[in-house]
Amino acid sequence: MGKSTGKKVMKNEDGDDCDGWWWLVHKNIGASFLCIAVFAFLVRVAVSFHPYSGAGNPPKYGDYEAQRHWMEITLNLPAKEWYHNSTTNDLNYWGLDYPPLTAYQSYVHGLFLRIFHPESVSLFTSRGHESYFGKLLMRWTVLSSDILFLFPAVFCFVVVYYTGRGRRSDIAWLIAMILLNPCLILIDHGHFQYNCISLGLTIGAVAAILSDKELVACVLFSLALNHKQMSAYFAPAFFSHLLGKCLRRRNPILEVSKLGLAVVGTFAIVWWPYIHSMDAFLGVLSRLAPFERGLYEDYVANFWCTTSVLIKWKRLFTIKSMKLLSFWATILTCLPSMIQQIWSPSNLGFLYGLLNSSFSFYLFSFQVHEKSILLPLLPASLLALEEPFHFRWLTHYALLSMFPLMCRDKLILPYMALFALFYLLYYAPGGREDTRKMQSPSSLRSFMLSFLVLCSLFLHLVYITLHPPDKYPFLFEAVIMLLCFSQFILLTVYTNAKQWMLLKHSTLMDKDKKLV
């Protein structure tokens, strides 16, 4: 008998062997992806013509100016001074507070701007630069980052996870749900950030794990962590899944050591300019944990901000106490999901684990803002075929939670347009069958769902048209926050329960195998 290679062979509809390339060609998935990607790119371009964070609002402007200023600093100062407060680098004016990979990205984009528009990144004189040409170049840096990082990563995920599975229309629908995520487009191409890079690297790491390339996954996820520290929202899921897989192999210590070396090696390369001096290393590290900003920003729909209506956390506890409290709350809520993956690691369980760990961080960690909802949304979109209704529900309330921020940025028009586009694509003919042929909900459940949707739409109108009482200037933000938080908590409970139900399913499958 020939020796088994251990490689999975997929079957097509006729029962013949197939692989990823067969699937791409015969299912026309590649063509579908290209068409959707072009449309998604054009939507991003359209949003890019609208205002950005802090436009025309001196003296500090907003996130757009922060990103431009980082290009200015990294381009004109040596690496050892990027995180160091000095006369040439005032850290009180949008000082770098992301890991070194973001600084390198800013340097590369700064080189691009200097070629075409040098005055937009000149030291000192470019502060608050807002020319139209400079805006176009800045917008292009985000668009190109999407093309280089997010789009290829989504393609790899779809090929790895759905080869030989599902209808072509289902796969095309999933691609559209991921690439046309309204929240990500509004934050990156409206508000102005580069979340597409860290999220793209994370999706690439997920695809690598699903294809059993754990070393590649460790490198990619380490890069994501070194681009935005918020990628740590996914760290418990990566850690528990990889540990669970290693413990089932012949030499678990060796397997864990290999993965550890990949992580340490990647971090060492990225942090190379700062690991020669303890002062330099600690200086960068202190910039990545700005605890002085407080427990949360604005009216974010997480546990601490919502409960502060009744419990004044900031008054009752010191920052040190709140750091410990939020740390343990986050760890304890992550723990059930982690235990499930260490006990019984699986690809689907890993995706649920990503969603559950990111929800735990969003709801309970220290220093959370509205934009952080992008992190739970990522695994939710990857699971959209498995959980179409819950994906739609999360996206709906994630958009609502961001609405006050979009109003401040004068992005109401693209917000409404992307909201409508999301629902048009979600219910598009030929898309996911479950989105149209779901089991009929009970009359009570149907009433509650309709009532909650109407409440969210009503809050949009109230926020735009009415002024809150002088005594309670943030009343509308607080009501939006309370409604969104209630839905996020319910979704978190459901997805944790769903992940543990996978354990029961795997146990039943094992029993069936033994009987056979």
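Here is a quick walk through a predicted model of a protein chain, from its overall make-up down to a few single residues.

**The chain as a whole**

Helices dominate the count of elements here: the chain has 21 helices and two strands. Of its 516 residues, 52% are buried. Take the contacts between residues at least 6 apart in sequence, and 78% of them turn out to link residues at least 24 apart. On the outside, the accessible surface adds up to about 24300 Å², with 68% of that area belonging to carbon and sulfur atoms.

**Helix 19 and its cover**

Helix 19 takes in residues 412-426, which is 15 residues. From first C-alpha to last, helix 19 reaches 21 Å, close to the 21 Å expected at 1.5 Å a residue. Its buried residues include several aromatics, among them Tyr-415, Phe-419, Phe-422, Tyr-423 and Tyr-426. Pro-414, Leu-418 and Leu-421 are buried in helix 19 too. And what lies over these buried residues? The cover includes helix 2 (29-48), helix 6 (168-179) and helix 7 (182-192), along with helix 18 (388-408) and helix 20 (443-465).

**Four residues, inside and out**

The table puts a few single residues side by side.

| Residue | Relative accessible area | Class |
|---|---|---|
| Ser-106 | 1% | buried |
| Cys-246 | 2% | buried |
| Cys-305 | 2% | buried |
| Leu-310 | 78% | exposed |

Ser-106 sits in helix 4 (residues 100-116). Setting aside neighbours within four places in sequence, Ser-106 touches Trp-70, Met-71 and Thr-74. With a relative accessible area of 1%, Ser-106 falls under the 20% cut-off, so it counts as buried.

Leu-310 is another story. This leucine is found in the loop between helix 13 (303-307) and helix 14 (313-316). At 78%, Leu-310 is over the 50% mark and therefore counts as exposed. Leu-310 also helps make a nonpolar surface patch of about 650 Å², together with Val-309, Ile-311, Leu-316, Phe-317, Leu-325 and Leu-482.

**Cysteines without a bond**

How many disulfides does the count come to? The answer is zero. A disulfide is a covalent bond between the sulfur atoms of two cysteines. Why does Cys-246 have no such bond? The closest cysteine sulfur, in Cys-218, is 8.1 Å from the sulfur of Cys-246, and that is too far, because the pair would have to be within 2.5 Å. Cys-246 is also buried, at 2% relative accessible area, and Cys-305 likewise counts as buried, at 2%.

Key
Residues are numbered from 1 along each chain as its sequence is written. This is a predicted model: local features need pLDDT of at least 70, side-chain atom pairs count only at pLDDT 80 or more; totals for chains, interfaces and linings use all residues. Side-chain values use heavy atoms; hydrogens and water are left out. Helices (H or I, at least four residues) and strands (E, at least two) are DSSP runs, numbered from the N terminus. Buried means under 20% relative accessible area, exposed over 50%, partly exposed in between (1.4 Å probe, protein chains only). Contact means heavy atoms within 4.5 Å. Accessible areas come from the Shrake-Rupley method with a 1.4 Å probe; for residues, only the protein chains shown count as cover. The expected span of a helix is 1.5 Å times one less than its number of residues. Patches are made of residues with over 30% relative accessible area and no salt bridge: like charges are joined within 9 Å, nonpolar side chains (Val, Leu, Ile, Met, Phe, Trp, Tyr) within 5 Å. A salt bridge is a side-chain nitrogen of Lys or Arg within 4 Å of a carboxyl oxygen of Asp or Glu.
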